[in-house]
Amino acid sequence: MLPGWLAGNYRANDLLIDLKPLAERAGARLHLADVIGLNTARKMLTLSSGEELEFDLLSLATGGETDISSLATLGDRLLPVRPVGLFMERWSAFLERAALASTVNVAVVGGGAAGVELAMGVESAIRGLFRNARVALVTPGEGFLVGHAPQVLTRALEELAKRRIDVHFAQAAGTEEGFLLSNGLHLSVDCAIAATGSRAPRWLARSGLTCSAAGFIAVSGDMRSISHPSIFAAGDIVDRVDRNLERSGVHAVKAGPVLAANLRAAIDGTAPARYQPRNRTLYLLALGDKRAIVSWGRFVAIGNWAWRIKDWIDRSFVARYTQPAQAGR
Ligand SMILES: Cc1cc2nc3c(=O)[nH]c(=O)nc-3n(C[C@H](O)[C@H](O)[C@H](O)COP(=O)(O)OP(=O)(O)OC[C@H]3O[C@@H](n4cnc5c(N)ncnc54)[C@H](O)[C@@H]3O)c2cc1C
């Protein structure tokens, strides 16, 4: 829903979930802090608040970090898409700062579904605000909508062209004014959004957990660490050892109930379940103008009806966790 918020289709409250009432209903203690360390030998978490939490069983779902290592020279003009709350604050501040400018240049780096949606959302957001607004999308060719059918790429490129979003198939390196692209071009930007995919959190490397080559927690089909049976994990923070699974919200959400059941099974001493993803995953790429591209295996379609389905799915998901009558089900 974040690109929809950029495009003005959602208010901030539409896409944020307050964990406090959820935790209360579940009888859970909520610590609003970052995990900064995990000591698997002592079964202990260290939090940014300075607290230490002991555990018998642990479930980790802290996602990945946005990889901005090659872009950091851009300084405060660079807005990593995560953490989402901070991104929203910084984007709003940028729009306020730029309010009197007649020209703005915004670049989105990253050609995954997130980058494409964000570029469209940015274009919808700034089109009416500035006399001269330019939006660019920078992505290596081999990183553009990976895993989607070729027709999805074609439709997405057509839509980007219609909206006059410049697509640069290149690797970007941050400079003080913008980006130096691997094709030799220099791109000057007022604001750059990094949607460069997930990198494993650094504290994992020191935890003693067995991780994949990319540094994510190695889990088996039951979403359990292959090295520490008392630790479970799901979402962008894991790599499955038995199969390749792309990092996506669909898998993060669908693996959740399996992980919850397996935590109970671990307590009861019963057999765990496996998270078995479907062969084809439905993706709906929002175009910022209340239309979306449907990408489902080789099936591709586009229209307002697709956006309405996405809108209904997204709103229903958030409502499940924000409307007290339904929360906790
Ligand atoms: C713009 C955008 C559009 C996307 N669109 C789609 C889409 O249409 N379909 C799709 O399937 N996927 C989509 N994705 C990908 C999807 O958002 C992720 O794959 C999914 O959110 C991963 O879920 P997660 O629970 O693992 O991590 P996250 O959603 O990143 O959640 C992690 C949570 O943990 C918290 N956290 C992080 N670090 C710590 C820490 N150290 N201590 C404590 N808490 C921590 C974070 O604050 C956050 O609340 C999109 C991503 C982006 C950025």
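**View 1. Contacts within the chain of this predicted model.** In this predicted model, residues 24 or more positions apart account for 57% of those contacts in the chain that have a separation of 6 or more. Of the 329 residues that make up the chain, 44% count as buried.

**View 2. The whole chain, with its helices and strands.** The chain holds 8 helices and 20 strands. Its radius of gyration is 21 Å, close to the 20 Å that the globule rule gives for 329 residues, so the chain is as compact as a globular protein of that length. Measured out along the principal axes, the C-alpha trace spans about 65 × 40 × 35 Å.

**View 3. The surface and the charged side chains.** About 17200 Å² of accessible surface belongs to the chain, and carbon and sulfur atoms contribute 53% of this area. There are 37 positive and 31 negative side chains, and the centres of these two sets lie 6 Å apart.

**View 4. Strand β13 and its two covered faces.** Strand β13, formed by residues 191-194, is covered on both faces. On one side Cys-191 and Ile-193 are buried, and on the other side Ala-192 and Ala-194 are buried as well.

**View 5. The strands that pair with β13.** Strand β6, which comprises residues 78-80, pairs with β13 in the parallel sense over 3 bridges, and within this pairing Leu-78 stands opposite Ala-192 of β13. Strand β7, which comprises residues 103-109, also pairs with β13 in the parallel sense, here over 4 bridges, and Ala-107 stands opposite Ala-192 of β13.

Note on methods: Residues numbered from 1 in each chain as written. Predicted model: local features only at pLDDT ≥ 70, side-chain atom pairs only at ≥ 80, totals over all residues. Heavy atoms only, no water. Rg over C-alpha atoms; globule rule 2.2 N^0.38 Å. Buried < 20%, exposed > 50% of the residue type's maximum accessible area, 1.4 Å probe, protein only. Contact = heavy atoms within 4.5 Å. Areas by Shrake-Rupley, 256 points an atom, 1.4 Å probe, with all protein chains shown as cover. Lys, Arg positive; Asp, Glu negative; His and termini not counted. Charge placed at Lys NZ, Arg CZ, Asp CG, Glu CD. Pairing = 2+ DSSP bridges.
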